[in-house]
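Me: Please take a close look at a single part of this model, beginning with one strand residue and its contacts. From there, please work outwards to the rest of the chain in one connected account.

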Amino acid sequence: MTAPLVTILDDEPAIRTMLADALNEAGFRTMAFGRATEFEAALRSTTPDVCLVDLSLPDRDGLTLVHRLALEQGATVIIISGRAQVQDRVTGLELGADDYIIKPFEPAEVVARIRARLRRSTPSPQSGEVARFNGWVAHFDRYVLEDETATETPFSHAEGEVLRLFLERPKRLISRQAMQEALGGAASESFDRAMDVRISRLRTKLREDPRNPRLIKTIYGAGYIFLGDVAWG
């Protein structure tokens with residue numbers, strides 16, 4: 001089996017080398033870039049499993065790049081940044097990043113976070129890559145929702161993690177704590193806000209009435225419940 005490919009986008013050569021060495025030793029394949037233009041050119045012929053992205057790039061706004069990667073690539077996107085403010089973390093997660101690691105960090109922590117994310121991205125035995133529910137088809141291999149007219153709406157990797165969680169546990173209450181444990185977030189205001197944003201975006205893409213959603217219901221003080229009828233395969 002081919003080892004997962006991790007791309008590293010950071011303008012500091014020492015950080016690129018440190019991460020590449022640690023990831024190669026852990027059994028990953030790596031590609032490292034110092035500029036966004038080089039990274040984007042490589043994406044035309046390469047499909048990474050995980051993208052590590054610094055926000056402070058010399059030729060591109062890192063947050064804009066994160067948002068595009070989340071929507072178009074389907075890869076796990078992990079921000080590595082010296083920006084430590086809560087609002088920076090919240091913004092990165094809201095734009096579609098799967099995780100946010102603050103510099104300075106230990107390479108072993110990055111390796112562990114990547115492994116955890118890849119485990120969560122693997123379909124469970126009872127599910128797969130295609131789920132049908134209430135007139136919708138979710139294609140997790142292509143990160144799109146398809147309606148009854150075959151119109152497709154893309155969703156990000158981060159939104160897909162939340163959607164898969166709901167579809168694998170239909171008509172069961174999912175608490176905030178259960179979401180945190182399943183998706184690997186730390187208990188914090190930024191995680192809660194990121195989940196609220198992802199669920200709001202999923203409702204919009206599923207054309208839910210925000211005042212009375214019929215599929216993703218909020219149970220105030222308890223969590224969420226998905227009320228659809230789901231068939232996998």
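Reply: Leaving aside neighbours within four places in sequence, L173 is in contact with I219, A222, G223, Y224 and I225. The model is a predicted one, and every value below is computed from it. L173 itself belongs to strand β10, which comprises residues 173-175. One of its partners, I219, falls within strand β11, residues 216-219. A second distance places L173 relative to another part of the chain: its C-alpha atom is separated by 33 Å from that of L52, and the two residues are 121 positions apart along the chain.

Strand β11 also leads to the next residue of interest. The loop between α8 and β11 contains L206. With a relative accessible area of 1%, L206 is buried, because the cut-off for burial is under 20%. Apart from neighbours within four places in sequence, the contacts of L206 are F133, W136, L145, L215 and I216. Of these partners, I216 lies in β11 (216-219), whereas W136 lies in β7 (136-139) and L145 in β8 (144-146). From L206 to S56 the C-alpha distance is 34 Å, with their positions 150 residues apart in sequence.

The loop that holds L206 also holds R207, between α8 (189-205) and β11 (216-219). R207 is not a glycine, yet its phi is positive, near 55 degrees. A comparable backbone feature occurs at Y143, a non-glycine residue whose phi is about 55 degrees and likewise positive. Y143 is located in the loop between β7 (136-139) and β8 (144-146). Its relative accessibility is 18%, so Y143 counts as buried. A further backbone feature is the peptide bond from K103 to P104, which is cis with an omega near -5 degrees. P104 is part of the loop between β5 (99-102) and α5 (107-121). Why do such features merit separate mention? They do because most residues other than glycine have a negative phi and most peptide bonds are trans.

Helix α8, which precedes the loop of L206 and R207, includes V197. V197 has a relative accessibility of 18% and therefore counts as buried. The C-alpha atom of V197 is 27 Å from that of A36, the two being 161 residues apart along the chain.

A36 leads in turn to helix α2, residues 36-43, whose buried residues are A36, F39, E40, A42 and L43. Viewed down the axis of α2, these buried residues fall within an arc of 160 degrees, so they line one face of the helix.

One member of that set, F39, recurs among the contacts of C51: leaving aside neighbours within four places in sequence, C51 is in contact with T7, F39, L69, A75, T76, V77 and I78. C51 sits in strand β3, residues 50-53. Because its relative accessibility is 0%, C51 counts as buried. The C-alpha atoms of C51 and P210 are 33 Å apart, at a sequence separation of 159 residues.

These local descriptions can be placed in the setting of the whole chain. It contains 8 helices and 13 strands. Among contacts with a separation of 6 or more, 60% join residues that are 24 or more positions apart. Of the 233 residues, 50% are buried. A compact globule of 233 residues would have a radius of gyration near 17 Å, and the chain, at 18 Å, agrees with this. The C-alpha trace spans about 50 × 35 × 30 Å along its principal axes. The accessible surface amounts to about 11000 Å², and carbon and sulfur atoms contribute 50% of it. As to charge, the chain carries 30 positive and 34 negative charges, and the mean positions of the two sets are 4 Å apart.

How values were computed: Residues numbered from 1 in each chain as written. Predicted model: local features only at pLDDT ≥ 70, side-chain atom pairs only at ≥ 80, totals over all residues. Heavy atoms only, no water. Helix = DSSP H or I, 4+ residues; strand = E, 2+ residues; numbered from the N terminus. Rg over C-alpha atoms; globule rule 2.2 N^0.38 Å. Buried < 20%, exposed > 50% of the residue type's maximum accessible area, 1.4 Å probe, protein only. Contact = heavy atoms within 4.5 Å. Areas by Shrake-Rupley, 256 points an atom, 1.4 Å probe, with all protein chains shown as cover. Lys, Arg positive; Asp, Glu negative; His and termini not counted. Charge placed at Lys NZ, Arg CZ, Asp CG, Glu CD. Arc of directions from axis to C-beta.
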